[in-house]
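Take a look at the chain shown here. This report goes through its backbone, its helix crossings and its main pocket.

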Amino acid sequence: MSEPAFWNLGLVGSPISHSRSPIIHGAALKASGLSGEYLLYERDTDGLDELLDTLRGGVIHGLNVTIPHKETLLRHCDELDPLAELVGAVNTLVVRDGRIVGFNTDVQGLETALLSQWPSSPWRSKRCTVYGAGGAARAACVALRNIGAGEIVITNRTRKRAQELARLMSQRLDIRCTASNTHDAFRDSSLVIQATSLGVNNREQENVAQRAKELMVLTDPACLLMDLVYSPALPPFAVGARAAERQAVGGLGMLVYQAQRAFQLWTGKVVTTSLLEEVVLATT
Ligand code: NAP
């Protein structure tokens with residue numbers, strides 16, 4: 001199929017008005033010399049079929065998917081990338097010959113963010129913790145397996161969801177994956193992925209930082225933390241981890257790497273992540 005003269009890209013989910021994706025992909029289009037726009041499609045379940053028809057029909061050329069549709073839209077795809085199948089969720093839809101192919105670029109986004117932050121992979125063969133049991137936590141489990149974690153312990157506010165995720169990931173991945181209470185999950189950990197929404201709400205920031213400090217002191221003294229929350233650039237859980245004298249970063253790296261991969265899947269163009277990081281930071 002020939003390249004569109006004007007790229008129609010966008011994000012489907014709800015709520016999405018806070019999303020940074022229009023800024024990131026707007027910058028990516030400009031840097032690639034492509035004409036186009038990236039729109040927000042705020043849809044509940046009712047509006048999805050019509051949107052998918054415009055995608056299949058070539059009116060929209062690519063979509064990102066976010067809460068609450070990542071799992072539902074996986075079932076509407078005509079084909080799935082193996083990583084999306086492992087995660088059980090899609091965050092990027094690409095059209096190929098009128099067929100919708102579902103990808104999960106969060107996995108590679110997180111892997112690349114971790115490996116560029118800590119190239120020596122100190123978590124290799126060691127105990128790693130995933131805090132959370134939603135979509136981001138699922139992607140984190142697959143990423144940790146791919147980058148050589150020794151075992152994965154999942155903990156979550158709703159314990160049952162952690163247990164279900166551990167069971168699912170044990171079946172799908174060749175790595176020991178268990179669920180545990182939060183204190184035990186952090187104890188002696190070498191790498192923590194903070195994949196809950198803790199810290200997103202401005203009013204709770206101090207409490208979150210204090211809680212993070214209490215949990216991170218239980219980890220191995222050389223433990224690393226990646227908090228997937230990306231606004232502010234150093235989110236409160238990461239602030240608390242640093243107060244416990246652990247190396248900690250926020251989720252901006254993952255955000256730009258997953259976007260870079262999605263943009264490449266749609267357009268074939270690779271945009272430098274430093275440029276994407278700059279535009280997000282300028283608006284944070
Ligand atoms: P999700 O599917 O809605 O899952 C939310 C998770 O947060 C659940 O585990 C939930 O626990 C937990 N949670 C919510 N409020 C909590 C609280 N007050 N205390 C403890 N746990 C709480 O969302 P998601 O897609 O996984 O996203 C999770 C976070 O990762 C969000 O902040 C999102 O912005 C971030 N994220 C970042 C990137 C990136 O590129 N950096 C990519 C994806 C997601 P329950 O099961 O008990 O409700």
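Ser125 sits in the loop that runs between α4 and β7 (127-131). Its phi is positive, at about 65 degrees, although Ser125 is not a glycine. Keep in mind that this is a predicted model.

Two peptide bonds also deserve attention. The bond from Ile67 to Pro68 is cis, and its omega is near 5 degrees. Pro68 belongs to the loop between β3 and β4 (79-80). The bond from Ser231 to Pro232 is cis as well, with omega near 5 degrees. Pro232 lies in the loop between β11 (224-227) and α9 (236-243).

**Helix crossings**

Two packed helices are described by the angle between their axes and the distance between the axes. Here are the values for two pairs that involve α10.

| Helix pair | Axes come within | Crossing angle |
|---|---|---|
| α4 (residues 105-117) and α10 | 7 Å | roughly 130 degrees |
| α1 (residues 21-31) and α10 | 10 Å | roughly 50 degrees |

How is α1 set relative to α10? The crossing angle makes α1 oblique to α10. Angles from 65 to 115 degrees would count as roughly perpendicular, and those under 35 as roughly parallel. α4 and α10 are oblique to each other too. For that pair, the cut-off for roughly antiparallel is over 145 degrees.

The handedness can be read as well. α4 passes α10 in a right-handed crossing. α1 also passes α10 in a right-handed crossing.

**The largest pocket**

How much space lies in the largest pocket? The figure is about 1500 Å³. Its lining has 44 residues, and the closest to the centre are Thr66, Ile67, Lys70, Ala136 and Ser197. Ile67 was met above, at the cis bond to Pro68.

Which elements each supply at least two residues of the lining? Among them are the strand β3 (62-65) and the helices α5 (135-146) and α10 (252-267). So α10 appears again: this helix is crossed by α4, and α10 also helps to line the pocket.

What kinds of residue make up the lining? There are 19 nonpolar, 18 polar and 7 charged residues.

Why does the largest pocket lie between domain 1 and domain 2? Domain 1 (7-104 + 254-282) gives residues to the lining, and domain 2 (108-250) does too, so the pocket lies between them.

Methods:
Residues are numbered from 1 along each chain as its sequence is written. This is a predicted model: local features need pLDDT of at least 70, side-chain atom pairs count only at pLDDT 80 or more; totals for chains, interfaces and linings use all residues. Side-chain values use heavy atoms; hydrogens and water are left out. On a 1 Å grid over the protein atoms alone, a cavity is a set of points where a 1.4 Å probe fits but cannot get out, and a pocket is an open set with protein on both sides within 12 Å along at least five of seven lines; lining residues have an atom within 4 Å of a point. Grid points are joined across faces, edges and corners, and a volume is the space filled by probe spheres set on the points. Helices (H or I, at least four residues) and strands (E, at least two) are DSSP runs, numbered from the N terminus. Ala, Val, Leu, Ile, Met, Phe, Trp, Tyr, Cys and Pro count as nonpolar, Asp, Glu, Lys and Arg as charged, and the others, Gly among them, as polar. Domain bounds come from an automatic or database domain assignment. Axes are lines fitted to C-alpha atoms, for helices over the stretch in contact, and angles run from 0 to 180 degrees between N-to-C directions. A crossing is left-handed if the near helix is turned anticlockwise from the far one by less than a right angle, and right-handed if clockwise.
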